[in-house]
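Dear colleague,

I am handing over the structure below, and after it you will find what I noticed when going through it. Please keep it open beside this message while you read.

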Amino acid sequence: MKHGALLHRIALIGFGAIGRTLHARLSCDASFRIAVLLREGASLEAARSQGIDAVSSLNVLLAKMPDLVVEAAGREAVAAYVPAILEQGVPVIMSSTSAFSDEGMLVKLTENAQRGRTSVIVAAGAVGGLDYLAALKNSEAQIRYTSRKPPSAWASELAALGHVASALRSEVLLFEGTAAEAARLYPRNLNAGLTIAMAAGAGRTVVRVVADPLVSLNTHDIEVSSDAGTASMRFANRPSPDNPKTSAIVALSLEAAIRRYFSPVVL
């Protein structure tokens, strides 16, 4: 962790709804300089035309000597870029934790981080309470995480079960099982479940996916029973105005993780 520098160099992978929001928020702070990695094409040229320091090569990005890289581009980007970044000794904050549903990827990132003497930092993203869950990792505990979304978010899945999303009057359980399997089945929706399992311990975390006509927001319920007590947490997130499939809190969570990394006092 680096403290006291007047200028923090951030490299951002991904410039969708999360990346654009994060870039806009950090750009207002003179202590940050941000470079963005994009593929060649219209998006790259559009970003450059707006005065954004956008590059199309990982080597060029690393040549800018970032203090920290932030991934906000999906599990494919994790596989393509993050191992090499870690091996160069640059820490990475990851948002696409569904990449860890592949145990091979988790092992690879761990080994590369060790070789680079750096670390992968998992952002909390859409949920909270990870500090509480992590505190129970070496205790007897059972965790049940339920992802609830309006039926319209699961229209095709409901149709496959013989339901019409608009006519649903009671909740339908779409999945119950491990966090890794949930992340493989719903890679763009179940980052939170895998994050929770990593914090609490995968072997004792049950993930449920529910289409619920009584919720209007993307809702996360975490229920915990342990030898230290019980806990119940609910997070109901508004969608990003630029992408309804992404919760607005995710970009704010990444910003908080960045600021915490550079802060002399960490909470």
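In this predicted model, R148 stands opposite V210, a residue of strand β9. That pair belongs to the link between strand β7, residues 141-149, and strand β9, residues 205-211, which run parallel and are joined by seven bridges. In that link you can also look up I143, whose bridge partner in β9 is T205. Strand β7 has another partner in β10, with which it pairs in the antiparallel sense over eight bridges, and here A141 stands opposite S226.

If you now step back to the whole sheet, you will see that it is open and made of five strands in the order β8-β9-β7-β10-β11, with mixed pairing. Why is one side of β8 and of β11 left without a neighbour in the sheet? These two strands, β8 at residues 172-177 and β11 at residues 229-237, stand at the edges and have a single partner strand each, so one side of each has no neighbour there. On average, neighbouring strands of this sheet are turned by 15 degrees against each other, if direction is ignored.

Helix α9, residues 191-200, packs on the sheet and touches β7, β9 and β10, the last of these covering residues 218-226. The direction of helix α9 makes about 170 degrees with that of β7. Strand β7 is itself mostly covered, since seven of its nine residues are buried.

Please look next at the largest pocket, which holds about 1,000 Å³ of space. Its lining is made up of 43 residues, and those that lie nearest the centre are I18, A73, G74, S96 and R188. Which elements supply at least two residues each to this lining? They are α1 (17-27), α4 (75-87), α9, β10, β13 (243-247) and α10 (249-262), and the largest share, five residues, comes from α4. Sorted by class, the lining of the largest pocket has 19 nonpolar, 18 polar and six charged residues.

Helix α10 also holds S253, a residue that is worth finding by hand. Is S253 buried or exposed? It counts as buried, because its relative accessibility is 12% and the cut-off for buried is under 20%. If you leave aside its neighbours within four places in sequence, S253 is in contact with A123, A124 and G125. From S253 to R208 it is 45 residues in sequence and 23 Å in space, taken from C-alpha to C-alpha.

Finally, there are two loop residues to check for their backbone angles. M65, found in the loop between α3 (58-63) and β4 (68-71), has a positive phi of about 55 degrees although it is not a glycine. R117, whose place is in the loop between α5 (103-116) and β6 (120-122), likewise has a positive phi of about 55 degrees without being a glycine. M65 counts as exposed because its relative accessibility is 57%, while R117 counts as exposed with a value of 80%, the cut-off for exposed being over 50%.

With best wishes

Note on methods: Residues numbered from 1 in each chain as written. Predicted model: local features only at pLDDT ≥ 70, side-chain atom pairs only at ≥ 80, totals over all residues. Heavy atoms only, no water. Pairing = 2+ DSSP bridges. Helix = DSSP H or I, 4+ residues; strand = E, 2+ residues; numbered from the N terminus. Axes fitted to C-alpha atoms, helices over the stretch in contact; angles between N-to-C directions. Contact = heavy atoms within 4.5 Å. 1 Å grid on protein atoms, 1.4 Å probe; cavity = no way out; pocket = protein on both sides within 12 Å on 5 of 7 lines; lining within 4 Å. Points joined across faces, edges and corners; volume = space filled by probe spheres on them. Nonpolar A, V, L, I, M, F, W, Y, C, P; charged D, E, K, R; others polar. Buried < 20%, exposed > 50% of the residue type's maximum accessible area, 1.4 Å probe, protein only.
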